[in-house]
Amino acid sequence: MYKLLIRPIFFLFDPEKIHHFTFSLVKFLSKIPGVPSIFRGMYQVNDKKLERNLFGLTFKNPVGLAAGFDKNAVLYNELADFGFGFVEIGTVTPKGQVGNPKKRLFRLKDDKGIINRMGFNNEGLEAAIEQLKKNKGKIIIGGNIGKNTNTAPENYTEDYVTCFKGLHPYVDYFVLNVSCPNVSSHAKLEDADYLKELITEVQKLNNAEAQQKPILLKIAPDLNNQQLDEIIELVAETKIDGVIASNTSVNRDGLKASKERLEEIGNGGLSGQPIKERSTKVIQYLADNSNKAFPIIGVGGIHSEKDALEKLKAGADLVQVYTGFIYEGPSLVKRINKAILAES
Ligand SMILES: Cc1cc2nc3c(=O)[nH]c(=O)nc-3n(C[C@H](O)[C@H](O)[C@H](O)COP(=O)(O)O)c2cc1C
């Protein structure tokens with residue numbers, strides 16, 4: 001029904017407008033008595049065999065919603081009814097910011113991809129906290145944190161620290177997003193020495209808390225093998241809890257979209273099917289070359305159960321979807337969970 005009826009209509013409209021419309025629609029529908037249980041009946045697969053225990057958390061199933069969809073933590077309670085095992089909110093920055101000028105979100109229909117240069121548009125930390133106070137406890141929540149666009153390089157760490165402190169009581173795990181291609185001074189966030197400093201600082205705060213929360217690092221799919229070796233070393237040195245591979249890509253190789261169309265769109269991070277293989281290779285490389293020393297959340301171009309199983313076989317412990325959820329609809333989550341069950 002989604003692909004035949006809903007998607008063709010949604011795809012007639014501007015992607016960002018449809019995103020907001022969908023949020024309002026799901027919010028509205030979820031308030032009608034009986035509707036959430038219909039959603040649960042349609043999309044949830046409840047089976048003990050799907051449970052995963054990772055970094056001290058029990059995930060009901062290994063399929064999550066990736067960061068960037070529920071940036072302001074306004075829909076996670078409702079999204080829990082759609083069969084996810086976890087939802088990652090954010091990227092949250094200390095202060096609210098509008099992000100890049102519109103238009104900044106583009107569909108590449110023939111490639112089943114998206115290019116976005118949203119630029120961390122979000123309502124900011126305080127607004128996210130207000131929303132997270134409404135948590136009904138239905139699902140594991142990840143807090144994906146970043147820095148404000150206009151923060152000076154010497155204050156990057158402070159931004160992450162502010163978000164970490166603020167969200168600590170409200171999320172189950174943290175993600176340090178250091179791999180968004182749409183933020184300025186990206187280079188510093190790729191520097192292994194700086195990352196070590198950042199992780200150590202956040203871990204210090206974590207250790208001072210009564211209850212420690214798992215901290216993960218989200219990396220780009222465009223890192224070369226030497227950079228991936230540095231990530232493996234970094235995880236070993238800092239003992240950070242895991243890695244999310246991967247964010248969106250700046251690479252445009254092999255796309256069906258014309259050169260003119262890509263030029264017209266301009267900069268941004270590519271997601272969806274075109275980045276599937278590269279993300280899987282990153283996961284495989286990290287798993288093989290670390291001897292599977294740390295948990296990996298696999299994300300990038302999962303549009304089918306087969307794509308998800310590939311990521312798990314490559315070494316991912318959990319998976320996340322974003323672009324596939326837009327192209328394939330909510331039944332994708334159920335199909336993946338069923339396929340994982342069939343394999344178990
Ligand atoms: C419109 C859009 C916005 C995104 N915003 C964020 C973000 O704020 N923080 C983040 O860590 N990742 C963000 N991502 C990246 C996704 O979380 C994911 O890592 C990436 O899209 C690859 O997965 P996919 O191919 O399933 O979409 C965004 C992706 C899209 C398409």
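Which residues does R117 touch, not counting residues up to four places away in sequence?

## R117 and its neighbours

This is a predicted model, so keep that in mind as you look around. R117 touches N100, K103, R104, F106, N182, I265, G266, N267 and G268, leaving aside residues up to four places away in sequence. You'll find R117 in the loop between β7 (113-116) and β8 (122-124).

## M118, next in line

M118 lies in the loop between β7 and β8 too. Is M118 buried or exposed? Its relative accessibility is 10%, and buried means under 20%, so M118 counts as buried. Again skipping residues up to four places away in sequence, M118 touches E16, K71, G99, N100, R104, L105 and N182.

## What the record says

An unreviewed UniProt entry puts the feature "binding site" at a set of positions that includes R117 and M118. Also among them are K71, N116, G119, F120 and N182. Look back at the contacts: N182 is touched by R117, and M118 touches both K71 and N182.

## Zooming out

Now for the whole protein chain, which has 13 helices and 15 strands. Its C-alpha trace spans about 50 × 50 × 40 Å along the principal axes. A compact globule with 344 residues would have a radius of gyration near 20 Å, and the chain's 19 Å agrees with that.

Buried residues make up 57% of the 344 residues. Of the contacts with a separation of 6 or more, 73% come from residues 24 or more positions apart. As for the outside, the accessible surface comes to about 15,100 Å², with 53% belonging to carbon and sulfur atoms.

Note on methods: Residues numbered from 1 in each chain as written. Predicted model: local features only at pLDDT ≥ 70, side-chain atom pairs only at ≥ 80, totals over all residues. Heavy atoms only, no water. UniProt positions renumbered as here; feature names shortened; annotations may be inferred. Helix = DSSP H or I, 4+ residues; strand = E, 2+ residues; numbered from the N terminus. Contact = heavy atoms within 4.5 Å. Buried < 20%, exposed > 50% of the residue type's maximum accessible area, 1.4 Å probe, protein only. Rg over C-alpha atoms; globule rule 2.2 N^0.38 Å. Areas by Shrake-Rupley, 256 points an atom, 1.4 Å probe, with all protein chains shown as cover.
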